Amino acid sequence: MAKTVLICDDALFMRTMLGDILRQAGFSVVGEAQSGSEAVQKYRELQPSLVTMDIVMPDMGGIDAVRAIMKEFPDAKILMCSAMGQQALVIEAIQAGARDFVVKPFQPSRVLEAVQRVLS
Amino acid sequence: MDLRDFVALYVTETREHLRLLDKALLAVERGEVEGAIDEAFRAAHTLKSLSATMGFRSAADQAHALEDRLHRVRTGELRVDADIIDSLLAAADDLGRVIDHAVATEEPRVDGWEGPDDEERGPFAVGASEPADGAQVESGPASAQPVDPDQVSVRVVLRSDAPVKAARAMLVVRAVEQRWRVARTEPAVFDDSFGGELRIMLDSSADRAELETAIRGAGEVELVIFEDAASARPLARAEQPVVEAPRVVQVRVDQRRLDEIADGIGELSLLERRLRRELGEKAGNVEAVGRLSALLSDLQHAVLSVRMVPLAEAFERFPRVVRDAARRADKEIEFRIEGEGIEIDRSILDDVVDPLIHLLRNAVDHGIEAEEERVAAGKPARGTIVLRAERARASVRIALEDDGRGVNRARVLEKARLAGLHAEADAAAHDDDALLRLMAHPGLSTSDEVTELSGRGVGMDVVLSRVRALGGAIDMRTEPGHGTTFTLRLPITLALARALLVRVDDEEYAVPLTHISEAIELDGAIERRNPGGEYVKLRDESLPLVRMTRVLGSRHVRTERAAIVAELGQRKIALGFDEIVGHEQILVKTFDAAAGTLPIFSGATLLADGRPALVLDPLSVI
């Protein structure tokens with residue numbers, strides 16, 4: 001069975017791009033979320049193998065969403081997606097429980113390497 | 001570190017320094033000794049270091065010998081004269097050949113090169129001798145805290161391009177913490193000042209292989225170094241970057257790849273125009289299509305600019321060419337270059353260099369007179385040759401001017417008549433363009449005074465055909481006793497050309513603007529003349545008119561209502577068409593014309609609406 005992934009980002013373009021990269025690597029994109037709260041809700045529904053989480057989102061940011069998910073599902077595998085120059089936020093995300101991070105603009109190879117690390 | 005990865009960079013850098021060396025030696029010869037000799041010395045020194053670093057002994061030795069001689073010139077031990085400069089220039093040429101040979105045949109290796117100590121030179125030494133491989137110089141004592149022998153201490157260096165290094169370091173530590181007990185880390189906290197190097201101290205023993213795997217599994221790890229007290233050294237901090245200062249790295253690119261990219265972009269832009277037409281009207285699409293256009297335009301410029309190089313890249317070797325030719329001909333010549341900053345497509349420049357060198361050598365050998373002759377004629381003893389480049393709207397003009405004796409018209413005509421070319425000789429009696437064509441005639445172009453320099457297989461006919469093959473034109477003006485000027489007019493780029501679209505019947509053709517000066521209407525301005533031919537009045541000139549309906553074999557003749565003015569040197573003619581439809585940028589694809597095709601087409605292109613069109617070469621109509 002293919003690994004499932006939930007993609008959380010408020011930009012359609014980013015969700016599409018990530019989705020393409022992950023689908024080509026054999027993942028099944030089972031859900032998308034555009035805000036932190038939607039991310040938490042969909043995680044409960046879908047319990048995917050992997051979550052990609054953008055840091056800056058409306059209505060509960062990505063880091064808060066990570067905390068909420070990790071509280072309920074301590075084994076959740078979350079990959080943080082950050083824009084360049086958000087060093088402090090990335091550190092906070094790691095401390096909140098994200099397993100790894102990638103920086104935008106995405107390089108497909110780096111994304112897939114990070115995904116491998118998160119899932120292993 | 002695999003030195004083979006550095007060969008390309010070595011080649012680029014040594015070429016650059018050899019060029020600087022040449023330039024400096026010529027400056028020394030001109031009398032600007034002070035700064036120039038230092039520059040020459042530094043260039044030779046750098047060539048030595050580069051070669052030593054790569055382990056190319058022969059090149060390093062050769063460079064060292066040259067450096068030595070330059071040092072002696074610097075101290076005054078060797079006096080500067082033309083012979084010494086000759087010999088130094090020759091030694092520099094040799095060094096270039098040795099370097100080429102080393103690159104082609106030797107394996108680079110870091111075995112260090114034990115050459116004579118720089119310090120032996122005393123006060124003129126360049127500075128403290130540098131380490132053979134750019135290793136970081138160790139400074140300061142080892143880490144203040146001795147490492148406990150029971151503790152495992154591992155230094156981790158992150159990849160220099162790893163983003164958000166502090167977060168990555170945290171992930172590394174976390175990965176280690178999952179299986180082993182971490183006593184402490186240096187630095188204790190990862191924040192903005194983190195430079196990418198950390199030290200992890202474990203409280204327990206650990207299998208090194210497993211530990212390294214776990215560390216590297218966290219991602220973006222460059223080095224994992226297990227330490228003992230002796231090798232522990234201060235960690236690099238953010239203020240001292242772990243890697244060397246960024247340097248400009250040049251890449252060598254196969255030109256065909258650039259051509260492919262330019263082609264691809266050309267096709268994209270045609271598609272974009274189609275999309276713009278078909279989709280642009282719908283309101284929702286306007287913004288997206290507009291962005292597409294802008295992005296594509298940027299991309300196009302970026303790729304074309306990669307192909308563009310300043311003329312200086314080719315011109316800079318010319319002073320040496322002129323100098324050597326002048327020495328051998330025993331003439332004093334001043335050579336000036338103007339406009340070398342102007343940029344042109346690399347492939348055009350590559351092809352125009354040989355013709356220019358031929359013209360330069362001709363100017364030195366046959367153009368400029370010997371000193372006595374010049375003085376007797378009241379001219380300055382030193383001859384002058386000027387290479388001048390100018391940008392015009394859709395072309396680059398390169399003029400090569402000498403103040404010599406001018407072309408020996410009488411001799412050319414004589415040889416022509418002897419070869420049976422009477423009509424051509426008659427035409428050339430008073431017309432410089434006809435004279436040039438005569439000089440380029442295959443039978444005549446190799447002079448009977450074949451000197452070692454000019455007779456190098458590039459005769460005038462090759463010069464002309466090479467320039468024409470580039471879509472350019474060459475013209476000559478010569479005045480007996482005063483000198484000769486050759487002017488080359490070249491397109492700026494081969495990839496994209498600005499062109500006029502013209503129509504005859506219901507066929508459209510594209511005419512590149514390179515040789516076009518203007519477009520005019522033909523109502524009532526045509527004048528018939530005897531012995532024949534039609535002329536068009538343009539301000540105060542009368543231009544011969546060529547009716548393209550006739551040339552192209554149209555069924556409807558004499559329907560021309562517009563004309564374009566093409567220039568070849570000083571001559572202008574008007575080419576008449578039914579209509580001038582517009583102008584656009586086209587991507588010319590040259591072709592080998594099928595048998596029976598009129599020789600007036602230089603290629604084909606796709607117009608903005610996707611239709612194919614033939615590209616007309618106005619000069620071939622003349």
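Student: Let's kick off with A:Met60: is this residue buried, exposed or partly exposed?
Tutor: Keep in mind that we're looking at a predicted model. The relative accessible area of A:Met60 is 34%. Buried would need under 20% and exposed over 50%, so with 34% A:Met60 comes out as partly exposed.

Student: Where in chain A does A:Met60 lie, and what is its phi?
Tutor: You'll find A:Met60 in a loop of chain A, the one between β3 and α3 (62-72). The residue is not a glycine, yet its phi is positive. The value for A:Met60 is about 80°.

Student: What about A:Gln47: which loop of chain A holds this residue, and what is its phi near?
Tutor: A:Gln47 sits in the loop between α2 (36-46) and β3 (50-54) of chain A. Its relative accessibility is 49%, so A:Gln47 counts as partly exposed. A:Gln47 is another residue other than glycine, and its phi is positive, near 40°.

Student: Zooming out, which pattern does chain A follow when read along the sequence?
Tutor: Chain A has five helices and five strands. Of its 120 residues, 52% count as buried. Among contacts between residues at least 6 apart in sequence, 61% join residues at least 24 apart. Going along the sequence, the pattern of chain A reads β-α-β-α-β-α-β-α-β-α.

Student: On to the interface: which three residues supply more than any other three of the area that chain B buries against chain A?
Tutor: On the chain B side, 18 residues are in contact with 13 residues of chain A. The area buried between the two chains is about 1200 Å², with carbon and sulfur atoms giving 56% of that. A 37% share of what chain B buries comes from one trio: B:Val164, B:Met170 and B:Arg174.

Student: How far apart, N to O, are the side chains of B:Asp161 and A:Arg110?
Tutor: The interface of chain B and chain A has three salt bridges by the rule. The cut-off for a salt bridge is 4 Å. B:Asp161 and A:Arg110 meet in a salt bridge, and their N to O distance is 3.7 Å.

Student: By class, how many nonpolar, polar and charged residues has the side of chain B that touches chain A?
Tutor: Polar contacts first: the rule finds six residue pairs across the interface, both partners at pLDDT 80 or more. As for the classes on the chain B side, the count is eight nonpolar, two polar and eight charged.

Student: Now the aromatics: what is the angle between the planes of B:Phe190 and B:Phe194?
Tutor: Over all chains the rule counts five aromatic pairs. A pair of rings is described by the distance of the centres and the angle of the planes. B:Phe190 and B:Phe194 are both buried. Their pair is edge-to-face, 5.1 Å centre to centre, with the planes at 80°.

Student: And how do B:Tyr509 and B:Phe601 pair, stacked or edge-to-face?
Tutor: B:Tyr509 counts as buried at 8% relative accessibility, and B:Phe601 is buried too, at 13%. The ring centres are 6.0 Å apart, and the planes differ by 10°. Planes under 30 degrees apart fall in one class, and for B:Tyr509 and B:Phe601 that class is stacked.

Student: How many residues apart in sequence are the parts which that pair ties together?
Tutor: B:Tyr509 belongs to strand β13 (residues 507-512) of chain B, while B:Phe601 belongs to strand β21 (residues 601-606). The pair therefore links two parts of chain B, and their separation in sequence is 92 residues.

Student: What is omega near for the peptide bond from B:Glu186 to B:Pro187?
Tutor: B:Pro187 lies in the loop between β2 (182-186) and β3 (197-202) of chain B. The bond leading into B:Pro187 from B:Glu186 is cis, and its omega is near -5°.

Student: Last one: what separates the C-alpha atoms of B:Ala563 and B:Leu522?
Tutor: B:Ala563 is in strand β18 (residues 562-568) of chain B, and with a relative accessible area of 0% the residue is buried. Its contacts include B:Leu522, B:Leu545 and B:Ile580. Along the chain, B:Ala563 and B:Leu522 are 41 residues apart, but their C-alpha atoms are separated by 6.5 Å.

Note on methods: Residues numbered from 1 in each chain as written. Chains lettered and ligands numbered in written order. Predicted model: local features only at pLDDT ≥ 70, side-chain atom pairs only at ≥ 80, totals over all residues. Heavy atoms only, no water. Contact = heavy atoms within 4.5 Å. Buried area = accessible area lost by both parts, 1.4 Å probe. Polar contact = N/O pair within 3.5 Å; in protein donor to acceptor, adjacent residues only side chain to side chain. Nonpolar A, V, L, I, M, F, W, Y, C, P; charged D, E, K, R; others polar. Phe/Tyr/Trp six-rings, centres within 6.5 Å; stacked < 30°, edge-to-face > 60°. Buried < 20%, exposed > 50% of the residue type's maximum accessible area, 1.4 Å probe, protein only. Helix = DSSP H or I, 4+ residues; strand = E, 2+ residues; numbered from the N terminus. Lists of a residue's contacts leave out its neighbours within four places in sequence.
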